[in-house]
Amino acid sequence: MLTNGVVHANVFGVRDWVTPHKMALLVLLSELGRAGPQLGLLERRRLNRLLPPLLQGPDMALSRLRKAIEECCPQLAGSVHIRLKLMAEGELKDMEQFFDDLSDSFSGTEPEVHKTSVVGLFLRHMILAYNKLSFSQVYKLYTALQQYFHKDEKKDGADENEMELTNPEELDGKMEKEELDGPLREEEMACSGPLSQKQAEYFLSQQASLLKNDETKALAPASLQKELNNLLKFNPDFAEAHYLSYLNNLRVQDVFSSTHSLLHYFDRLILTGAESKSNGDEGYGRSLRYAALNLAALHCRFGHYQQAELALQEAIRIAQESNDHVCLQHCLSWLYILEQKIFDSCVLLEHSVNKSLHFGLPYLASLGIQSLVQQRAFAGKAANKLMDALKDSDLLHWKHSLSELIDISIAQKTAIWRLYGRSTMALQQAQTLLSMNSLEAVNVGVQQNNTESFAVVLCHLAELHAEQGYFAAAAEILKHLKERFPPNSQHAQLWMLFDQKIQFERAMNDGRYHAADSLVAGITALNSIEGVYRKAIVLKAQNQMSEAHKLLQKLLIHCQKIKNTEMVIRAVLEILVSHHCTASAAPGPGPRSGIQPAVLGRSDLCFHRAAGQRLFWGSGCCFYSCEI
């Protein structure tokens, strides 16, 4: 079978195979070995950084490969082109001789390439794959190489004719655009045909890492789904592709497709026996209980709490039958998340933290400590005790190098200080996170990842500036947020809400109540409770006291049911202020409000500043949520 110049008998049946692109890479390695002493140190460094993504990534057009080599070493690019031209325009025996000469790289007392190096393993895989080809397959490979080379020649000829007919100024603009695209952009490296197993695994792991740490550098949701469908077309039982499809559908909040992909992932994991090979007889049951646990997490993320509880009960039952304490601890954490929607469950959370520490699960223990701190903050505990608890959590982070939780902990501290009205301390924590370098940077030269923690801290920073009247500085921070987190990214809702709130406050301060009223719809779409509260403020400013009072009363009852303490106090304060204004405007003593000041507890008075942001993060097969 020959597809896009790939000679193979069964997709994913072998670990690697020979393609015209890989033959071009072999020519590059051969010429690099010949010209090694003549290359400068800077050129060698550039080529060494270029080789790993080329060897592991998908195939690309010869013109793009040649352009990437030219940027590192123009002389070497010319040698590679000449060598490929001699091979493509020569005879079949030239290609045979080329592969015979590759084995000489390992010979001698000081070989050019070590057998166990990345380059050495690649050469050995290609030599073995070529030796396994039949004569007809060798001929098809040679024909594919000729097509690969002549297609590039035709493209170069078309480009030359276009250059002759193009205005020099337009040509300069086109070249600048091509230079900005770079040689190895993810969009350009997207797979257009069948990949080998190693290429597919590299593609999936790279995209999964980008989705976790820096979504803006990953493929767009539609493009990534297209590539995943292309992979699954050749191998429908590729479980990892289904899981990446699940993560991709979560980006666009597609509950049906994400559920479909998640179930397919665990079905394929059981059918292929991947779990059984690594976990013995427990593999089948392990897949079932973690499938139920992930399904519960998925439903919880979309707000389907009843379905999440049913799936969680199933995961607990299977885990108890298998005596899997690790799975039970994850279930206990999710049980706390579901139960806190109904009643305070500090005892359940403390038990989860202690058990996680006992079974050596620092990630889960740290999440439990941070959730406990959050719950105690809303209960009005002293700030120094909360910070002491977070200090213990930070010790776990640094001891086990949990870089993701380090960022989340600092974002949590920023929100807590804002919750207590300490803007200076909140600003200090925000600056601490923004000045830190990520321990797991996505790309070389990139010091920070575009994670949700950075989005939360930047949003707080923008609101802190706006509260002090520095709206121009707040606008600059929001502009930076829009660049780091585009509107189609999953964290864009954070800065969208803060942007609407800052514009609302500015319009209210300027007395532009109609402009503020037009912003209420956008705030309501992102946060319904905040939208109702802002609508009541606009109505009160427009002297529509009765309508504002009705809205605030409904908001108060709803927030008391869901135990949103911060919004309860804000609503009560607005009701008291509106009642005071109505009473002072009335000629005589008016009726008293039904809200008694006794509802304002001593511990609740500190919650005059909101921080409410939601963080989602992943660990293994599970997603955790925590409201700051």
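## Salt bridges

The chain holds 22 salt bridges in all, and the model they come from is a predicted one. Let's walk through a few of these pairs.

Start with K217 and D214, whose side chains meet in a salt bridge at 2.7 Å, N to O. The two partners sit in different surroundings: D214 is buried, with a relative accessible area of 0%, while K217 is partly exposed at 29%. R268 and D237 form another salt bridge, this time at 3.1 Å from N to O. This pair links distant parts of the chain, with R268 in helix α12 and D237 in the loop between α10 (221-234) and α11, 31 residues apart. R268 counts as buried at 15% relative accessibility, because the cut-off for buried is under 20%. D237, at 39%, counts as partly exposed.

R317 and E314 are also joined, with their closest N and O atoms 2.6 Å apart. Both belong to helix α15, and because they are 3 residues apart there, about one helical turn separates them. R317 is partly exposed, with a relative accessible area of 39%, and E314 is partly exposed too, at 34%. Salt bridges can also join up into a group: E505, E530, R534, E566 and R570 are linked in a network.

## The chain as a whole

Now for the wider view. The chain has 28 helices and 4 strands. Of its 628 residues, 49% count as buried. About 31,500 Å² of the chain is exposed, and carbon and sulfur atoms supply 54% of that area.

How do contacts spread along the sequence? Among contacts between residues at least 6 apart in sequence, 65% join residues at least 24 apart.

## A negative patch and the loop after α5

On the surface, E96, D100, D101, D104 and E112 form a negative patch. One of these residues, D104, is placed in the loop between α5 (92-102) and α6 (118-131). D104 is partly exposed, with a relative accessible area of 48%.

P111 lies in the loop between α5 and α6 as well. P111 is partly exposed, with a relative accessible area of 23%. Leaving aside neighbours within four places in sequence, P111 is in contact with S105 and F106.

## Two loop residues with positive phi

Two residues other than glycine are worth a look for their backbone angles. Q253 has a positive phi, near 60 degrees, and is found in the loop between α11 (239-251) and α12 (255-272). Its relative accessible area of 44% makes Q253 partly exposed.

N323 also has a positive phi near 60 degrees. The loop that holds N323 runs between α15 (305-322) and α16 (325-339). Is N323 buried or exposed? At 51% relative accessibility, N323 counts as exposed, because the cut-off for exposed is over 50%.

## A buried isoleucine in α18

I369 belongs to helix α18, which covers residues 362-378. At 13% relative accessibility, I369 counts as buried. Which residues does I369 contact, leaving aside its neighbours within four places in sequence? They are V353, A389, S393 and L396.

I369 can also be placed relative to S352: the two are 17 residues apart in sequence, and 9.4 Å separates them in space, C-alpha to C-alpha.

Methods:
Residues numbered from 1 in each chain as written. Predicted model: local features only at pLDDT ≥ 70, side-chain atom pairs only at ≥ 80, totals over all residues. Heavy atoms only, no water. Patch = residues over 30% accessible without salt bridge, like charges linked within 9 Å, V, L, I, M, F, W, Y side chains within 5 Å. Areas by Shrake-Rupley, 256 points an atom, 1.4 Å probe, with all protein chains shown as cover. Salt bridge = Lys/Arg side-chain N within 4 Å of Asp/Glu carboxyl O. Lys, Arg positive; Asp, Glu negative; His and termini not counted. Charge placed at Lys NZ, Arg CZ, Asp CG, Glu CD. Buried < 20%, exposed > 50% of the residue type's maximum accessible area, 1.4 Å probe, protein only. Contact = heavy atoms within 4.5 Å.
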